[in-house]
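User: I would like to learn how to read the features of a protein model, one at a time. Could you walk me through this one?

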Amino acid sequence: MKPQKCTDKEIRQLEQQGCSATDWTAVRVSPDESLTRIRNVVFIGEVTVGTLSGTVPAGGTTLPCGLYNATISDCHIASGARIAGIRTILSGYDIEEGVCIQDVGTMTAEGGGAFGNGIEIDVVNEAGGRGTTIHNRLTAQTAFLNAMHRHDSSFIQALQRLTADDCAARRPVRGVVARGAHIIGAASIRNVVVGPFARIEGIALLENGTVNSCEEHPTVIGHGVQAREFVISEGARVESGSLLDKVFVGQGVKMGKQFSAENSLFFANAEAFHGEAASVFAGPYTVTHHKSTLLIAGLFSFYNAGSGTNQSNHMYKLGPVHQGVFERGCKTGSFSYVLYESHVGAFSVVIGKHFTNIHTPNFPFSYISEKGGESTIVPAMNLFSVGTARDGEKWPTRDGRKAPDKRDLIIFDIFSPYTVERMRRGRDELLALHEATPKDRATVNVGGLQMTRVLLKKGAKYYSAAITRYLIGTIIDRLAAALRSSHSWSTATAGTKPSASLRDASD
């Protein structure tokens with residue numbers, strides 16, 4: 001039944017059970033409830049309480065619903081909830097059915113709070129200029145457009161208007177703990193929305209954020225976590241002393257072991273442990289697992305950081321104005337160092353310490369190494385690595401997202417129109433350099449790195465072979481799909497012929 005004002009008899013019973021209220025006329029309870037499950041509670045302001053029969057699972061056991069040993073202010077509590085052991089106050093929240101809140105120091109929400117949505121963070125460049133707004137529906141694609149297309153001011157303004165409108169439309173008026181969520185052993189929670197079936201246990205501090213969650217893939221926030229101004233997505237696990245300040249955590253992300261991050265984005269299936277990140281755009285499958293690793297002011301995706309990986313983005317007297325780009329699939333070896341400004345081509349491996357600015361976007365699948373203080377590049381060599389092939393096979397199987405709406409659009413292919421176009425450009429550049437470089441020169445400077453002259457033609461040859469392999473594979477895949485549907489060779493081959501010339505298409 002709908003909660004109603006307490007009768008004099010109900011007030012006397014609640015007072016005998018250790019309860020009090022600043023104004024009993026503002027307290028509403030379900031009349032069919034025996035009230036025996038409301039004990040030692042102080043009610044402040046308007047509080048409504050649903051039916052408290054039944055039990056809720058909590059901390060590996062089952063506990064009775066009810067309100068016990070708590071100060072509750074301006075809250076609406078649905079049926080089937082348990083609130084117990086609130087050491088200071090629970091204020092400003094709508095508590096949905098099946099929620100368990102137990103052993104919590106302070107949990108408050110103020111009207112009009114952002115709850116993490118609409119906060120702009122400085123990614124890729126610490127000095128600013130690529131500010132990206134975090135919100136519940138942020139994707140790797142829209143974040144990339146916002147951060148990396150600042151040269152198109154009209155587009156950026158339109159995108160930011162859409163984002164602001166969406167944040168305003170979805171912003172809750174009050175704090176919410178959605179159905180089935182559990183909050184146990186928390187020290188302080190302020191202005192945080194908690195999604196359905198989320199598990200928050202032993203955290204030190206959550207402030208101004210949203211923990212999105214769903215029944216299919218509950219989000220877990222664990223012991224010792226401190227997070228300010230954040231959005232955490234469905235199925236993420238943030239545990240064991242992680243420190244977050246202005247951070248977006250995407251679906252299926254794993255984070256813990258004292259990892260710290262500020263002004264950073266982590267998208268689907270990224271993993272971050274031990275080290276730290278500052279102003280990082282960590283696209284899907286960015287992985288850093290080591291204590292001494294620092295990722296700073298860079299764009300990464302499908303990236304693996306070796307232990308001790310480090311970058312430098314300072315221009316000393318002018319501050320941290322530089323940035324780096326590691327295109328998808330890059331890896332850095334143990335104790336590697338890269339001086340920014342740098343741009344490393346896709347699926348390249350960086351080993352050693354590099355004190356020159358690297359610019360190799362058109363030389364994917366390269367080995368970049370250092371010997372005797374000199375930085376060198378061997379183009380296309382990573383095309384022959386079993387690790388590259390293994391990456392393309394393992395990533396789809398490691399997609400841990402279970403939420404019905406998988407927001408990041410992920411292409412797992414090693415060879416794609418993007419990487420093939422990079423190889424085509426690289427091949428042409430290498431051939432042009434081969435023609436222009438005198439035969440008596442042993443090395444040539446390519447993108448700030450030294451390359452032996454003999455590798456110019458050899459690298460172009462390897463890129464050409466990879467491009468041919470991709471094109472033939474694409475034709476075979478198209479023929480196979482056509483044959484499965486039509487069983488006619490002539491019909492299948494007709495689909496491989498262009499319907500118009502490039503000239504007609506451009507007209």
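**Reading the model step by step**

Analyst: Happy to. Of the protein's 507 residues, 51% count as buried. Keep in mind that this is a predicted model. Its secondary structure comes to eight helices and 40 strands, and the C-alpha trace spans about 100 × 65 × 45 Å along its principal axes.

User: How should I read burial, and is T288 buried or exposed?

Analyst: Burial is read from relative accessible area, with under 20% counting as buried. T288 has a relative accessibility of 1%, so it counts as buried. This residue lies in strand β27, residues 287-288. A297 is also buried, with a relative accessible area of 0%, and is found in strand β28.

User: What can I learn by setting sequence separation beside distance in space?

Analyst: The two numbers are read together for a chosen pair. T288 and G111 are 177 residues apart in sequence, and their C-alpha atoms are 38 Å apart in space. For A297 and A114, the separation along the chain is 183 residues, and the C-alpha atoms are separated by 26 Å.

User: Now pockets. How much space lies in the largest pocket, and which residues are closest to its centre?

Analyst: A pocket is open, and its lining tells you what surrounds the space. Here the largest pocket holds about 740 Å³. Its lining has 25 residues, and those closest to the centre are Q141, F144, S301, R328 and Y418. Two or more lining residues come from each of α2, β28 (294-300), β31 (324-326) and α5 (417-436). The largest share, five residues, comes from α2. By type, the lining divides into 15 nonpolar, seven polar and three charged residues.

User: And how does a cavity compare? Which residues line the largest one?

Analyst: In a cavity, the probe fits but cannot get out. The structure holds one cavity of 30 Å³ or more, and about 50 Å³ of space lies in the largest cavity. The residues lining the largest cavity are L138, S233, F248, G250, Q251, F267, A268, R407 and D408. They divide into four nonpolar, three polar and two charged.

User: F144 came up at the pocket. What surface patch does F144 help to make?

Analyst: Together with L145 and F155, F144 makes a nonpolar surface patch of about 210 Å². Patch members need over 30% relative accessible area. F144 has 33%, so this residue is partly exposed. F144 is found in helix α2, residues 140-148.

User: Let us finish with salt bridges. How many does the structure hold, and where do R422 and E327 lie?

Analyst: There are 16 salt bridges, each with a side-chain nitrogen within 4 Å of a carboxyl oxygen. R422 pairs with E327, with the closest N and O atoms 2.9 Å apart. That pair links distant parts of the chain: R422 is in helix α5 and E327 in the loop between β31 and β32 (331-332), 95 residues apart. Both R422 and E327 are buried.

User: What about pairs within one helix, such as R170 and D166?

Analyst: These two lie four residues apart in helix α3 (residues 153-170), about one turn of the helix, and their side chains meet at 2.8 Å, N to O. R170 is partly exposed at 47%, whereas D166 counts as buried at 16%. In helix α5, R424 and D428 are four residues apart, so about one helical turn separates them. Their salt bridge is 3.1 Å, N to O. Both residues belong to a salt-bridge network with E421, R425 and R427.

How values were computed:
Residues numbered from 1 in each chain as written. Predicted model: local features only at pLDDT ≥ 70, side-chain atom pairs only at ≥ 80, totals over all residues. Heavy atoms only, no water. Patch = residues over 30% accessible without salt bridge, like charges linked within 9 Å, V, L, I, M, F, W, Y side chains within 5 Å. Areas by Shrake-Rupley, 256 points an atom, 1.4 Å probe, with all protein chains shown as cover. Buried < 20%, exposed > 50% of the residue type's maximum accessible area, 1.4 Å probe, protein only. 1 Å grid on protein atoms, 1.4 Å probe; cavity = no way out; pocket = protein on both sides within 12 Å on 5 of 7 lines; lining within 4 Å. Points joined across faces, edges and corners; volume = space filled by probe spheres on them. Nonpolar A, V, L, I, M, F, W, Y, C, P; charged D, E, K, R; others polar.
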